[in-house]
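Please look over the sequence and the structure shown here. The paragraphs below them walk through part of the fold.

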Amino acid sequence: AARRMTGALATAARRTALLGVAAVGAAAFGLARLVKSHVESLDALDELSKRVGVSAEAIQEWRHVAQRAGASAEDFDLGLEGMSKRVGQALAGQGKLAAMLKRTAPAFLEALKGAGSNEERLALLIEGMRSFADPAQRAAFAAAAFGEAGEKLALIAEKSTDEVAALRRESIDFGRATDEQVAQAGEMADSLDKLKASVAGA
C-alpha cells in the first residue's frame, strides 16, 4: 500500500511539473504575441506618420482628443489621410478645400500655405472648424478638409482650445509613445520582416 501511495504521489508530481512547464510556455507565448502586437501597432503608426507628415506623438494625442470628443481613433486616422490629400491639392490651388477657401476665406488658405508642416495645418483646420457657429457650415468645411471622416472630426471643434490642450496633455500622462520609440518599433518590425523572408527563402 505504501509503495502504491508513493507511486501515485510521484505520478502526481510529474503531472504537476508538466502542467507547470506548459503554463510557463503558454505565458511566454502569450507575452510574445502581446509584444508582437504592440510592435506592429507602433510600426503602423510610424508608417502613418511618414505618409501624412504629422509626428507620431501628435497623432496619438489627437486620437485621444477625437475619442474623448465622441469620434474614434479610426475616424481620426481616416480623416488625417484625407486631410493630407486635400491639403496637398489646396497648396497647388486645386480641390474642394481650395475652392471653398478661395470663395469664403482666402486669408485662411494663405495661412495653410504659410504653415511649416501638415502638423501645423491640422491644428489650423481644427481651429477653422471651431470658427463656424452654424453646424451645417462646420460640417461642410470639415468634409472639404477631412473627407468622409469630416463629420466625426467636427466633434473635436466642440471642445474649446483649452480643453483640447488639456486632453493632449492627458494623452502624454497616459503614456503615449515618443517619436523615438515609434521609430525604433518601425526598425524592429523591418528587421523581423527581413528575418521572416530569410527563413522562408532558406
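What follows deals with a helix pair and then with a group of aromatic rings.

The model is predicted. Start with helix α5, residues 106–114, and helix α6, residues 118–130. Their axes come within 9 Å and cross at roughly 160°. Angles over 145 degrees count as roughly antiparallel, so α5 is roughly antiparallel to α6. The crossing of the two helices, α5 and α6, is right-handed.

On the α5 side, the contact is made by F108, A111, L112 and K113. On the α6 side, R121, L124, L125 and G128 take part. Sorted by character, the residues of this contact between α5 and α6 comprise 5 nonpolar, 1 polar and 2 charged.

F108 leads on to the aromatic rings, where the count comes to 2 pairs. The ring centres of F108 and F141 are 5.9 Å apart and the planes stand at 75°, so this pair is edge-to-face, the cut-off for that class being over 60 degrees. F108 lies in helix α5 and F141 in helix α7, residues 135–146. The two are 33 residues apart, and the pair thus links distant parts of the chain.

F141 also pairs with F132: their ring centres are 5.3 Å apart and their planes are at 40°, so the pair is tilted. Together, the ring pairs link F108, F132 and F141 into a cluster.

How buried or exposed are these residues, F108, F141 and F132? F141 has a relative accessible area of 2% and is buried. F108 is buried too, at 19%, where buried means under 20%. F132, at 22%, is partly exposed.

How values were computed. Residues are numbered from 1 along each chain as its sequence is written. This is a predicted model: local features need pLDDT of at least 70, side-chain atom pairs count only at pLDDT 80 or more; totals for chains, interfaces and linings use all residues. Side-chain values use heavy atoms; hydrogens and water are left out. Axes are lines fitted to C-alpha atoms, for helices over the stretch in contact, and angles run from 0 to 180 degrees between N-to-C directions. Helices (H or I, at least four residues) and strands (E, at least two) are DSSP runs, numbered from the N terminus. Angles under 35 degrees count as roughly parallel, over 145 as roughly antiparallel, 65 to 115 as roughly perpendicular and the rest as oblique. A crossing is left-handed if the near helix is turned anticlockwise from the far one by less than a right angle, and right-handed if clockwise. Contact means heavy atoms within 4.5 Å. Ala, Val, Leu, Ile, Met, Phe, Trp, Tyr, Cys and Pro count as nonpolar, Asp, Glu, Lys and Arg as charged, and the others, Gly among them, as polar. Rings of Phe, Tyr and Trp (its six-membered ring) pair if their centres lie within 6.5 Å; planes under 30 degrees apart count as stacked, over 60 as edge-to-face and the rest as tilted. Buried means under 20% relative accessible area, exposed over 50%, partly exposed in between (1.4 Å probe, protein chains only).
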